Amino acid sequence: MTKKIVALAGDGIGPEIMTAGLQVLQAAAESIGFSYEVEELPFGGAGIDAAGHPLPASTLRAAQAADAILLAAIGSPQYDNAAVRPEQGLLALRKELELYANIRPVKIFDALKHLSPLKAERIAGVDFVVVRELTGGIYFGDHILEERAARDINDYSYDEVERIVRKAFEIARGRKKRVTSIDKQNVLATSKLWRKVADEVAKDYPDVTLEHQLVDSAAMLMITHPAKFDVLVTENLFGDILSDESSVLSGTLGVMPSASHSESGPSMYEPIHGSAPDIAGLGIANPVSMILSVAMMLRDSFGETAAADRIEQAVEAAFAQGILTKDLGGQATTAQMTEAIISSL
Ligand code: NAD
Ligand code: IPM
Ligand code: MN
């Protein structure tokens, strides 16, 4: 059956990397006879421009009815002081689709090892997954801004913590069977709850080791001993920060994909980085984060494991040939990087 994919290119470099992702999808799909149709819709700043809202009603309806959603990036300095911001559309879409589980894998391509800001011995063996809670916490509590004071409410229920921690344990079972739960339980009530829930969930997974780590020292360990991690699970805000930190182990934000899952509806796949306004329109954005998001979609939403593996191998092969975009110290344009990946496919 033909699969329906909604593509949200968004803002900044979004349209450039979405084009790349869809080209790779087409090449991969042709080779395996995967039948799909793509509906491209406005979202983020492009949604505000087209319909006055970062998540236009028609975009939301199409996303709800899709088999999977691809999102490139949203955000633009032009909305920095506006009443409605592109980011609100992203948060609303995650909430509407109940995409509570954001999976951000961190693996260093062999051909990029020398580009890591860390010494080779520190990044040897790095292969972990950040499991970020995506629909709760301080992102979705009240935000109260007064003239001379402000408050953001961090709110988590037992059930919200339980389902994301359970997800992390399930993922760990298919990997090295180690979960690191990250919190700030020496200060925060939400973190005390988080740690208690993690301990309780762990009882159902005697084959998986659970350890707890405070978020500040976890940030340090990610630089000093990144290879010690297998599956990290943490709340929304900590996951946002730690995943950007972990992405640069491979030398750039531009190669890290993510998947966001709900309990039943369509999943969404997106790079972890933003719209990179500083390089938008120059044709030099690294498309690999988007292309690897396409691979995650093929694997997680459509069970096309071999096609997903082949895309990942094609990326590695292109890097190994020395085809690198500017963020990795190379000269390749977005289009040249994409062509190299497609020809390796
Ligand atoms: P950013 O991730 O957009 O950019 C940070 C730096 O990384 C910039 O120097 C940028 O040029 C570089 N970079 C990012 N992706 C790259 C790529 N694929 N290739 C080459 N270089 C790349 O973060 P920012 O500048 O803090 O935020 C810009 C806007 O993006 C803001 O409006 C922010 O809210 C938004 N944002 C959106 C998402 C999303 O759509 N999921 C994620 C993060 C930030
Ligand atoms: C991300 C982004 C978003 C977040 C912003 C754009 C709202 O940084 O996807 O990591 O903070 O979740
Ligand atoms: Mn982020």
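Visitor: Where does the space taken by ligand 2 rank among the pockets?
Guide: This is a predicted model: local features need pLDDT of at least 70, side-chain atom pairs need 80 or more, and totals for chains, interfaces and linings use all residues. Side-chain values use heavy atoms, without hydrogens or water; residues count from 1 along each chain, chains are lettered from A and ligands numbered from 1, as written. A pocket is an open set of points on a 1 Å grid over the protein atoms alone, with protein on both sides within 12 Å along at least five of seven lines, where a 1.4 Å probe fits; a molecule sits there if more than half of its atoms lie within 2 Å of the points. By size, the space of ligand 2 is the second largest.

Visitor: Which side chain has a polar atom 2.5 Å from an oxygen of ligand 2?
Guide: The shell (heavy atoms within 4 Å) includes Arg 104, Tyr 139 and Asp 240. Arg 104 makes its polar contact (N or O pair within 3.5 Å) at 3.1 Å, and Asp 240 at 2.9 Å. The 2.5 Å pair belongs to Tyr 139.

Visitor: How much of ligand 2 does the protein bury?
Guide: Arg 104 contacts an oxygen of ligand 2 at 3.1 Å. Alone, ligand 2 exposes 320 Å² (Shrake-Rupley, 1.4 Å probe). The buried part is 79%.

Visitor: How much of ligand 1 does the protein cover?
Guide: Glu 87 lies around ligand 2 and is among the closest residues to ligand 1. Its side chain reaches an oxygen of ligand 1 at 2.4 Å, and the Gly 274 backbone reaches an oxygen at 2.7 Å. Of the 810 Å² accessible on its own, ligand 1 has a covered part of 70%.

How values were computed
A polar contact is a pair of N or O atoms within 3.5 Å; within protein, one must be able to donate a hydrogen and the other to accept it, and residues adjacent in sequence count only if both atoms are side-chain atoms. On a 1 Å grid over the protein atoms alone, a cavity is a set of points where a 1.4 Å probe fits but cannot get out, and a pocket is an open set with protein on both sides within 12 Å along at least five of seven lines; lining residues have an atom within 4 Å of a point.
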